[in-house]
Amino acid sequence: MSQATTPASPASGLTTLRVARDFYADLMRASQTSRAGFLAERERWLRNVPVDGREELLFEFEMLLRAVERYLNLTTVVDAKDRPLVTRDFHEELVDVRDAMDRAIRVARHLQDPDSDQKMVFRKYVETQLADDRVRRALIEEELDQETPPESLFVLREDLDALRNLLDHLLQLPTARLNLFQDLGKLALKEIVLNRYFRPFRPLEFRVEYDRLRSVRLLDLLAQLPEEQRAGFTTAFLGLFRLLHYLTYVDAEGTPPVPRRVRVVLALVRSETHALATWLHAELSPKAGSKVLQAAALRTARDLAKESERIGREVLAHVDKEPDAPARAAAAFTSLLRTQVVALVEALAPNGGLSEGVFDALVSPQDAALRLRKDLWVYAQLCRAAESHLRADDVPSAERALDVLKSFLAYFHDGGYQLLRYADYDAFDRFTALLVELPWPPEGPGIRTRLAEDLRRFSQTLESTFHSVSRRTLLQGRGFDRQEAEALRDRFVALPSR
């Protein structure tokens, strides 16, 4: 992980960095080390999926898988019930699960490339027509190997489709008893957890595809913390914002009739709120640093546990009888989580001068766009300067310009980079990798010429992204503050040579 840097004061600490690294990506990958290879391959696949909003579709898909897994756990659905388990009818819960599976299947179809999907459907058909059991068995084993993300997604979609059809028949029974509910849970859990590329994330396991903190204020605040504290509080905020992300799928479906899968999502929210509270108490508070921060972590853990228990007892327990219960539960959870975000920010910056409506100001998309636009302009200016010196064959000035550029990258990765859209990451990551692998100092005219061309091309990417951000509706009427951007650029240029 990179060392913490302070965006507001680039001169502090930046000169110790040779090459920028993405602290947040490092942190996320550290939470999933056992499956890093599969997830990296899946990330490459996702970048090539020709579907608008592909990251959000993937998030919804994995959220639904995780929600089904949790909802089919008895402790999630029966702790507020007073009927004995052996006499309970789980018919309503199975209807909820069936709706969640149905939506997951539809989302998976959106993510599946039509050509590859047709090929796999045809292969599935061929399996059913083969008389030679040896050939049929070989095709089945080849499919179940899940060698690529599309194959893995197809296998999981087929499994969910089979479970949905099974549920359609089971729901025709007069009652659904405990053993039926448990057996269905075992089947679903097996198919979900054994999937190679789309096994849902665990609590406090994050994905670079959709888990990013996009608050300028929060990113700047976290960048000032020592590395161990920064990792802990970053995890806490990622967990809180992940839960708020879940809840958008309740609010978005808030108009009657409320889909049954909303109840499954709310069960997931409650379960992972409790998991986050436990982690805050057991893991973050002992490593929080000062007594003030320890106390803040413990208060947040206590409030999350206590309030989520109350919401479950007073609202979710009556979801069968009160049609507005899902909306009320979502509103209560949203208020709770936003309050805890603000409480942790206030603990980290007690003299920060937070204003009314602080949560909305904290996550202001306009502030994020303004920060990103400024950082992109500075980035392009520094790249153009380095290119100019390389083309002039002014080696000392070129080395100095590249040194400044690397220092800026540390600042950029802690701030502006996190505010990019997922589709933009690939170009930025490739250029950063180029600087990482560059022989230092870049010797020889051939290397310098190639680097100058790389800088020219990436400058065009930066300028194109800058103009794209500037055209966003939320920046209409907000002119570019060139003087402020030049001041930021000049602070990096003025850093002492290393």
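The largest pocket of this predicted model has a volume of about 1000 Å³. Its lining comprises 33 residues, and those closest to the centre of the pocket are Tyr 210, Arg 212, Arg 214, Phe 241 and His 245. Four helices give two or more residues each to this lining: H3 (54-71), H11 (227-251), H14 (325-348) and H16 (365-391). Among the contributors, H11 gives the most, with 8 residues. Sorted by class, the lining of the largest pocket holds 17 nonpolar, 5 polar and 11 charged residues.

The second largest pocket has a volume of about 510 Å³. It is lined by 22 residues, of which Ala 25, Arg 29, Tyr 417, Asp 429 and Ala 433 are the closest to its centre. The elements that supply two or more residues to this lining are H1, H2 (36-47) and H18. H18 gives the most to the lining of the second largest pocket, with 7 residues. The residues of this lining divide into 9 nonpolar, 2 polar and 11 charged.

Enclosed spaces may be considered next. The structure holds 4 cavities of 30 Å³ or more. The second largest cavity contains about 70 Å³ of space. Its lining consists of Pro 203, Leu 204, Phe 206, Gly 239, Arg 242, Leu 243, Glu 272, Ala 275 and Leu 276. At least two of these residues come from H11, and at least two come from helix H12 (261-287). By class, the lining of this cavity has 6 nonpolar residues, 1 polar residue and 2 charged residues. Helix H11 is thus a recurring element, since H11 also gives the most residues to the lining of the largest pocket.

The text now turns to the nonpolar interior. The largest nonpolar core has 150 residues, and the members that touch the most others are Phe 61, Phe 233, Phe 237 and Tyr 379. Helix H14 provides the largest share of this core, with 13 residues. Phe 237 shows what such contacts look like in detail: beyond the residues up to four places away in sequence, Phe 237 touches Leu 213, Leu 218, Leu 222, Val 341, Leu 344, Val 345 and Leu 348.

Two short helices are mostly covered. Helix H1 spans residues 23-30, and 6 of its 8 residues are buried. The buried residues of H1 are Phe 23, Tyr 24, Ala 25, Asp 26, Leu 27 and Met 28. Helix H10 spans residues 216-223, and 7 of its 8 residues are buried. In H10 the buried residues are Val 216, Leu 218, Leu 219, Asp 220, Leu 221, Leu 222 and Ala 223. Two of these, Leu 218 and Leu 222, are also among the residues that Phe 237 touches. An α-helix has 3.6 residues a turn, so residues three or four places apart point the same way.

The loop between helix H17 (395-414) and helix H18 (425-437) deserves a closer view, beginning with Gln 418, which lies within it. Is Gln 418 buried or exposed? Gln 418 counts as buried because its relative accessibility is 0%, and buried means under 20%. A polar atom of the side chain of Gln 418 lies 2.6 Å from the backbone oxygen of His 413. Leaving out residues up to four places away in sequence, Gln 418 touches Asp 22, Tyr 24, Arg 212, Leu 213, Arg 214, Leu 219, His 413 and Tyr 425. Several of these partners have appeared above: Tyr 24 is a buried residue of H1, Leu 219 is a buried residue of H10, and Arg 212 and Arg 214 are among the residues closest to the centre of the largest pocket.

Gly 416 lies in the loop between H17 and H18 as well. Gly 416 has a relative accessible area of 0% and is therefore buried. Apart from its neighbours within four places in sequence, Gly 416 is in contact with Arg 371, Leu 372 and Asp 375. The C-alpha atom of Gly 416 is separated by 8.3 Å from that of Arg 373, although the two residues are 43 places apart along the chain.

One further loop residue concludes the account. Asp 393 lies in the loop between H16 and H17. Its phi angle is near 60°, a positive value in a residue other than glycine.

Definitions and conventions. Residues are numbered from 1 along each chain as its sequence is written. This is a predicted model: local features need pLDDT of at least 70, side-chain atom pairs count only at pLDDT 80 or more; totals for chains, interfaces and linings use all residues. Side-chain values use heavy atoms; hydrogens and water are left out. Buried means under 20% relative accessible area, exposed over 50%, partly exposed in between (1.4 Å probe, protein chains only). A polar contact is a pair of N or O atoms within 3.5 Å; within protein, one must be able to donate a hydrogen and the other to accept it, and residues adjacent in sequence count only if both atoms are side-chain atoms. Contact means heavy atoms within 4.5 Å. On a 1 Å grid over the protein atoms alone, a cavity is a set of points where a 1.4 Å probe fits but cannot get out, and a pocket is an open set with protein on both sides within 12 Å along at least five of seven lines; lining residues have an atom within 4 Å of a point. Grid points are joined across faces, edges and corners, and a volume is the space filled by probe spheres set on the points. Ala, Val, Leu, Ile, Met, Phe, Trp, Tyr, Cys and Pro count as nonpolar, Asp, Glu, Lys and Arg as charged, and the others, Gly among them, as polar. A nonpolar core is a set of buried Ala, Val, Leu, Ile, Met, Phe, Trp, Tyr and Cys residues joined through side-chain atoms within 4.5 Å.
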